[in-house]
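Student: I'd like to learn how to read a protein model, one feature at a time. Could we go through this one together?

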Amino acid sequence: MNQAKRPLLEVKDLTCHFDVSKPLLNRILEREPKSFLTAVDEVSFEVNKGETFALVGESGSGKSTIAKLIVDLVHPSSGKIEFDGQSLATSRGQAFKNLRRRMQMIFQDPFASLNPRWPVGELVAEPIYAFGLAKSRAEVNRTVEELLEKVGLSGRDAAKFPHEFSGGQRQRIAIARALSAQPDFLVCDEPTSALDVSVQAQILNLMKDLQDEFGLTYLFISHDMSVVKHMADRIGVLYLGALVENAAAEELFKNPKHPYTRMLLDAIPDHEMTGRKRQAIKGEIPSPIDPPSGCTFHPRCALATGECKVKRPEVVVREGTRVACWEVDRLA
Amino acid sequence: MSDVLLSVRDLVVEFPKRKTLLTALDGVSFDIHRGEILGVVGESGAGKSLTGAAIIGLLEQPGRIASGEIWLEDQRIDQLPYEKMRQLRGKRIAMIFQDPLTSLNPIFTIAEQLVETIRTHLPLNAKQARERAIQLLDEVGIPAAAKRVDDYPHQFSGGMRQRVVIALALAGEPELIIADEPTTALDVSVQAQIIDVLKRMCADHGAAVMLVTHDMGVIAEACDRVAVMYAGRVAEIGQVRQIVKQPQHPYTQGLMGSIPSLAHQRHRLIQIPGSMPRLDAIPTGCAFNPRCTSVGERCYKERPDLLVTNQGEVACWLFDQGGVA
Amino acid sequence: MTKTTTSSQDPYQVEPWWQRILNSDLFYDFSRRPVVVLSAVMTLLIISASMLAPWIAPHTPFDPASLNLMDGFTPPMEPNAFTGNVYWLGTDSQGRDIFSAILYGARVSLLVGFAAVGFAAILGITLGLIAGYKGGWIDTVIMRIADVQLSFPAILIALLIFGITKSLIPRELQEQAAVYVLILSIGLSDWVQYARTVRSSTLAEKNKEYVQAARLFGVTWPRILLRHILPNVMGPVLVIGTIGLALAIILESTLSFLGVGVPATQPSLGTLIRVGNEYLFSGEWWITIFPGLTLLVLALSVNLLGDWLRDALNPRLR
């Protein structure tokens, strides 16, 4: 692992509420208070330079919100996000622009993330112009061509429009566009979940190659445990907006500590037919608007005690794994 | 064979477009036996959902069955008039769709929808049908079924809704259920539950299932046999263990290798170069030839049909006496 | 077995723009609908004829020097009782050639129509984009004004604006400014349509990932609106614009018919109809019927085109 003194990205007590109240008039008529959805609940983690940190969770776990919080597309309710010691929320002017350039994002849906009216060359060139990274039109064109070739397309594809490409090729274009800002940190929000498996393999391989070549740091967000295992150095497991476990990838799969992580691992279909028994799972994810008290996982947990129902679990460290569970020692 | 329930022979489905004729399914053949679960797997555009739609007679316009035959036991069903086909749907063949929200009508209660389906197909009075509905909901694992039967679809969670859809599909006691990506819209933890319900219910009711999915994990968990589709054709059919452990067709091999493994750590995944051809650009000969690593002269000229090997059926010249040269 | 083969042409070759139009689904759909083709032909015919009026009109109807009072009230295709002159569509009380008057009148009607639609569209699109993208109180203010305006008939709004504006302009300038005042009042009465449509499309587009991506590159919001969102919301605007053109032409004619539109010295189709209306019951039917027919054909054709465009661009109906 990397021995950088300071993590590249440091997230501390990050919390984000969304106001999901009904309109004012309805609230008055129905005598209801304002209601909030806690999408992200005091999440803390660090990402070291050159590594891949993955966040996994099911729908409603807040993983996509964290991605948007980190690149400042959504503003946090509280907590702090520091990138290389600086914060996007507080920096201004040139420092802000530079910070913005260094953190880029790859989106889930390659059909929505590329403006359908723009030719590919202009899409890829936009960050170059926006951040003033080239001196002349010719230099821009050369850079775009190089980037397209780097991601496995042809320089001549620059004149085409997004609708002429398949999903996998579009995701390559999106990656080229993110790279044209010369970032060192990429937030990848489910970059392959809209793609077929054979295309997913191509994109994952490409992302690993690019990481090796440019020394990129990834925050990789996914719901697919096998993809995460393939990509990540460290993994954070989210449940209803809270980080329940944060462990080195190998450790997490070999020795999961939180009951939810165990459940999640049990639920993965055994596509290799190794004979691993799949466990039946109790219940479904509760509504994040009205989450259970104490540990939000307690209604589905076999180990839950009275304490779990009332008190929010504190994060403890066991064998290098950070885990938020009252009963962690009973499991081991 | 006497236990063949559904037999599809050389099915060709075409979509006439402005200037061209797109052949979306091109000579698809397979059998489904009574009580078995046949997985149909492939990537988007392979024609797997279209096969299901063609069988149940719900091809989207302007698609049409151009040739081939579909037999349900000894009845040919690909040319049935609309009214006959409508009677068949729900009664002998039922369908489960990907999105449980859109396959339930939001303005009727679960009871109303179930009772209507039951009474369309079975000679029961309203009271008996309601009891049957509650019994079905109970079987698919809806807690307090007697109470929840009068709820509306939006009052159920995604997983529960898909259970209701399964109950609805089973209401007419069909012999065959076509399940089109039934777990794709659900979270992993719920996926496992739904697959279990589907497997159990079909075993209890003696229904055969055609399970259409892109997810190899679901296939491995649920199916007896698998048909792998590529560019509107069947590339390989075999026992699920066979396909997963020792795939024969180069495409199946690539497909299996491209799934990240939980058991082994690899730095790079096996990748199939390129992507599936568009329907207007399917190469002559074997449709997989531009992406195949074992390609030979013959693959560009002649199209391989399904060849019976000792491990299943595979459409690849590698398994023919003449080879690929 | 039917098989379609790949075309062997260079995949990187870019089609010329006219080739792309001819190959588009839109053009294909268009070419298969005779009514729509006829509408397009009629629209183009009227537009080009009125644009070329100074060259193709047999007379200059509004040059008093060229008029002969003896030619007055000549019926269509009949020689005048005094002069023996023959006019295709007859003449009016002043001896003006109706055909020429229609060509010049359609010119004014179309000018006002296009300009009013352009003005309404620019205003509506701008306000709609800002309301949709910025949200909050800006959105509330803009859309409430729109709601209030929508609860009055367009003609009332136009009359109101026309009255106010006219009273602000000095009397001696009124005649010259009349056309611009008309454009302003029709445009102001029609922007709401554009604003509402653009706002709802903007609400959908702004949450798409390509807009978020642009924000990550530090692109400023006016630029995001102009370069990213605007091109993607233009489809419905085109449809409203076409239907709006027909409505604007009718509204202009209505105002002119009521006598509040363009002055009689440069009459539009509506003015011609109003003037002719006085003679309808004394037997000189042609003075009002032919301008009326022209207006009918023009408005109907443009409307049919707009209807077709709406259906053709609507993915759900395809």
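Student: Which residues are buried in α6(B)?

Tutor: Happy to start there, and keep in mind that this is a predicted model. In α6(B), the buried residues are B:Gly159, B:Met160, B:Arg161, B:Gln162, B:Arg163, B:Val164, B:Val165, B:Ile166, B:Ala167, B:Leu168, B:Ala169 and B:Leu170. Because twelve of the 13 residues of α6(B) are buried, this helix is largely enclosed by the rest of the structure.

Student: What do the buried residues of α6(B) pack against?

Tutor: Their packing partners in chain B are β6 (93–96), α3 (110–121), α4 (126–139), β7 (176–180) and α7.

Student: How do I read the length of a helix such as α6(B)?

Tutor: Compare its end-to-end reach with the expected one. Helix α6(B) covers residues 158–170 and reaches 19 Å from its first C-alpha to its last, close to the 18 Å expected at 1.5 Å a residue. Try the same with α7(B), residues 188–205: its 18 residues reach 26 Å, close to the 26 Å expected.

Student: Which residues of α7(B) are buried?

Tutor: A general idea helps first. An α-helix has 3.6 residues a turn, so residues three or four places apart point the same way. In α7(B), the buried residues include B:Ile194, B:Val197, B:Leu198, B:Met201 and B:Cys202. B:Val188 and B:Ala192 are also among them. Just after this helix, B:Gly206 takes a positive phi of about 70 degrees.

Student: Let's turn to strands. Which way do the residues of β3(A) point?

Tutor: In a regular strand the side chains alternate between the two faces of the sheet. In β3(A), A:Thr52, A:Ala54 and A:Val56 point one way, while A:Phe53 and A:Leu55 point the other way. Strand β3(A) is mostly covered, with five of its five residues buried.

Student: Which strands does β3(A) pair with, and in which sense, parallel or antiparallel?

Tutor: Both β7 (residues 217–222) of chain A and β8 (residues 234–239) of chain A pair with β3(A) in the parallel sense. There are five bridges to β7(A) and four to β8(A). To find these pairings in the model, look for A:Leu55 opposite A:Ile221 in β7(A), and for A:Val56 opposite A:Val237 in β8(A).

Student: What is the order of the strands in the open sheet of chain B?

Tutor: To read a sheet, follow the strands from one edge to the other. Here the four strands have the order β2-β1-β4-β5, with antiparallel pairing. The edge strands are β2 (21–33) and β5 (75–76) of chain B, each pairing on one side only. Strand β1(B), residues 4–16, is joined to β2(B) by ten bridges. One place to look is B:Leu6, whose bridge partner in β2(B) is B:Ile32.

Student: Which helix lies across β1, β2 and β4 of chain B?

Tutor: That is α1(B), residues 48–56, which runs at about 75 degrees to β2(B).

Student: Now for chain C. How many helices and strands does it have?

Tutor: Chain C has 13 helices and zero strands. Its C-alpha atoms fill a box of roughly 80 × 65 × 30 Å along the principal axes. Of its 318 residues, 42% are buried. Among its contacts with a separation of 6 or more, 68% join residues 24 or more positions apart.

Student: How many residues does the contact between chain C and chain A take from each?

Tutor: An interface can be read by counting what each side supplies. This contact takes 15 residues from chain C and 21 residues from chain A. On the chain C side, α10 (209–216) and α11 (221–257) each supply at least two residues, and α10(C) gives the most, with six. That side divides into eight nonpolar, four polar and three charged residues.

Student: Where in chain C does pLDDT stay under 50?

Tutor: Look at residues 1–9 of chain C, for which the model has twelve contacts beyond four places in sequence. Over the whole of chain C, pLDDT averages 86, and 94% of the residues score at least 70. The model itself scores ipTM 0.87 and pTM 0.87.

How values were computed. Residues are numbered from 1 along each chain as its sequence is written. Chains are lettered from A and ligands numbered from 1 in the order in which they are written. A residue is buried if 20 or more other C-beta atoms lie within 10 Å of its own, exposed if 12 or fewer, and partly exposed in between; C-beta atoms are placed from the backbone. Two residues are in contact if their C-beta atoms, placed from the backbone, lie within 7 Å. Two strands pair if DSSP finds at least two bridges between them. Axes are lines fitted to C-alpha atoms, for helices over the stretch in contact, and angles run from 0 to 180 degrees between N-to-C directions. The expected span of a helix is 1.5 Å times one less than its number of residues. pLDDT is the predictor's confidence in each residue, from 0 to 100. Ala, Val, Leu, Ile, Met, Phe, Trp, Tyr, Cys and Pro count as nonpolar, Asp, Glu, Lys and Arg as charged, and the others, Gly among them, as polar.
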